[in-house]
Amino acid sequence: MSAIAVRRRTLPGFGLTMGLTLSWLSVIILIPLAGLFLKSFELSPEQLWAILSSRRTLNALRVSFGLAFAAACVNLVMGSIIVWALVRYRFPGRRLFDAIVDVPFALPTAVAGVALTSLFAEKGWLGAPLAALGIKVAFTPLGIFVAMIFIGIPFVVRTVQPVLQDLDPEIEEAAGSLGASRWQTIIRVILPSLAPALLTGLALAFARAVGEYGSVIFIAGNLPNVSEIAPLLIVIRLSEFRYADATAIAVVMLVVSFVIIFAVNRLQRWAQNRIPAR
Amino acid sequence: MTIEVRNLVKKFGSFAALDGVDLKVDNGELLALLGPSGSGKTTLLRIIAGLDWPDSGEVAFNGEDALAQGARERHVGFVFQHYALFRHMTVFENIAFGLRVQPRAIRKDEATIRVRVKELLDLVQLDWLADRYPSQLSGGQRQRIALARALAIEPRILLLDEPFGALDAKVRKELRKWLRSLHHEINVTSIFVTHDQEEALEVANRVVVMDKGKIEQIGSPNDVYESPATAFVHGFIGESIELPVQVEGGLVRLGDRPLTLAADGLAPGASKLFVRRHDMLIGPPGSGAFEGAVQHVRNFGPVQRAEIALLGGETIEIDAPRDKELRAGDTIGLNPRRYRIFAGA
């Protein structure tokens, strides 16, 4: 430690900023999380196992992680297309659309939930035509999926946008003049260049969807085992004063999320390393 | 492969990037498009490559309409000023790209592709860089890789857009020589765009001088330097003294001072007199067409450069041999060994 601190650097302040970083991360993130783990240790291993392997818990986790991943994938595809249009084309209202992308960031999630629910309810503007086709969205897992897509889209767009803006259109022209078709250019040139940003966007959208509570509970219907998300189950356990149960589910969510995000990070690092610093 | 361009017009809004351009390029030529920025030279190159489309006019390769084809079908190698290498691919994969994206029916097998890429790496003398990424190369190396990549598809035509524009002076000079000998070796019809006259005159077989979307002159490097066709070309290529003169009744006047220069066949009115700096010969006062006072003298490599205030009000710079005695304050006579007068202000 002292060896690092003593070495002279062009920019001073290593000790100060490093100290602040570590203490801040400890207070804001690590201590609360440690508390979470400690609380779950109040349970015996058998009790913990019983809680986690109960049908309701497993179903809630499956709904949360499964739908969050599916929604993140949809956002990845649609977000990439939106980014492409916003960056590469000039059309009337482009700035407006660009601003609209941020709305899910800023809107209180409860408002989003209520709006989506009334829109997709059986008599809603979109719900009615869909109901005519026999598709029910509000108060089903499909509703959760829709809400998760809504809140996740800006994450993909905003992470990929600056990278695509940086990508010189000349490399597309180069690929074209070398005989690549439009499709080959996208697959072999554009997507690999964007891969690290796409993976980051995917991870962020996924993380947001897993943790989403406000908008989902309005549209979900919250039927145990069917459309009940894990965060809601935690809240239910808390309201029943079963704090240890709640923390046990929370710990599982934490561990699974961490593993997934860590894996995506590694994947992103790998993709990044294939493009050494410019 | 011959290229023929007929009456090409391209407008960006109200700005005419190309304003009726006609050009014929012979098989195996190395042609330079030379002009200041905004003269339309890059636009012309991009239209020939199929990266841009004209508002009207024709482009033909070997007499065949090229505008009917996209960039992909034209089989043209294009080298960009900023290289446009694929940064997520190694040098090897960059060069192999054009071979890997060929339609399956004519795509070569992996072994053949490897051999071909090795050949190209040898051709650009960078075989030891095959596994590097573009970001690990110097500018000159990147541009040579870009050239190898363009050559991989065995293009019918090679187009280079300011290929050395982003490189430093020393590397530029090396690459110029190298490009000329490479062209000698592969003999593909090639066009390169440059704003650097030295580059154009040194490398090309023929030079096309462009200004404001029009071709001013087409000729050998010697032609455009020794007998410029227009005032623009004379002013743009080589260092010239430019003086506003009046042609009147068979006389050339600078201000109110008549010059002893022949005005045969010149239209009367405001004109421009051009003399190369080294074509002004120094004599005793009263001996030449001009007379002036030496302001100051600087030694400049093989020549001395003198600033001279002419009678008639203009100040000019001339290049005189070093052995000529010149001192500030001297009054001297000046006689142009060669000169050109172009009508128009």
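How many residues does the contact take from chain A, and how many from chain B? Keep that in mind for the second view; everything here comes from a predicted model.

**View 1. Chain B as a whole.**
Start with the big picture of chain B, which has 9 helices and 20 strands. Its C-alpha trace spans about 80 × 45 × 35 Å along the principal axes. Of the 345 residues in chain B, 41% are buried. Now take the contacts in chain B with a separation of 6 or more: 66% of them come from residues 24 or more positions apart.

**View 2. Where chain A touches chain B.**
Here's the answer to the opening question: 20 residues from chain A and 21 residues from chain B make up the contact. On the chain A side, two helices, α10 (170–177) and α11 (182–211), each supply at least two residues. The largest share of that side belongs to α10(A), with 6 residues. Sort the chain A residues that touch chain B by character, and you get 9 nonpolar, 6 polar and 5 charged.

**View 3. An open sheet in chain B.**
This close-up shows 5 strands of chain B lined up as β13-β12-β11-β14-β20, an open sheet with antiparallel pairing. At the edges sit β13 (257–259) and β20 (340–343) of chain B, each pairing on one side only. The strands don't lie perfectly in line: on average, neighbours in this sheet are turned by 40° against each other, direction ignored. As a bit of background, strands of a sheet pair through backbone hydrogen bonds, either parallel or antiparallel.

**View 4. The pairing of β11 with β14 in chain B.**
Zoom in on the same sheet to find β11 (residues 240–248) and β14 (residues 269–276) of chain B running antiparallel, joined by 8 bridges. Which residue in β14(B) is the bridge partner of B:Pro244? Look for B:Lys272.

**View 5. A:Arg90 in its loop.**
Back in chain A, A:Arg90 lies in the loop between α4 (55–88) and α5 (94–100). Is A:Arg90 buried or exposed? A:Arg90 counts as exposed, because it has 5 C-beta neighbours inside 10 Å, and the cut-off for exposed is 12 or fewer. To get a feel for distances, pick out A:Val259 as well: A:Arg90 and A:Val259 are 169 residues apart in sequence, and 40 Å separates them in space, C-alpha to C-alpha.

Note on methods:
Residues numbered from 1 in each chain as written. Chains lettered and ligands numbered in written order. Predicted model: local features only at pLDDT ≥ 70, side-chain atom pairs only at ≥ 80, totals over all residues. Contact = placed C-beta atoms within 7 Å. Helix = DSSP H or I, 4+ residues; strand = E, 2+ residues; numbered from the N terminus. Nonpolar A, V, L, I, M, F, W, Y, C, P; charged D, E, K, R; others polar. Pairing = 2+ DSSP bridges. Axes fitted to C-alpha atoms, helices over the stretch in contact; angles between N-to-C directions. Buried ≥ 20, exposed ≤ 12 C-beta atoms within 10 Å, placed from the backbone.
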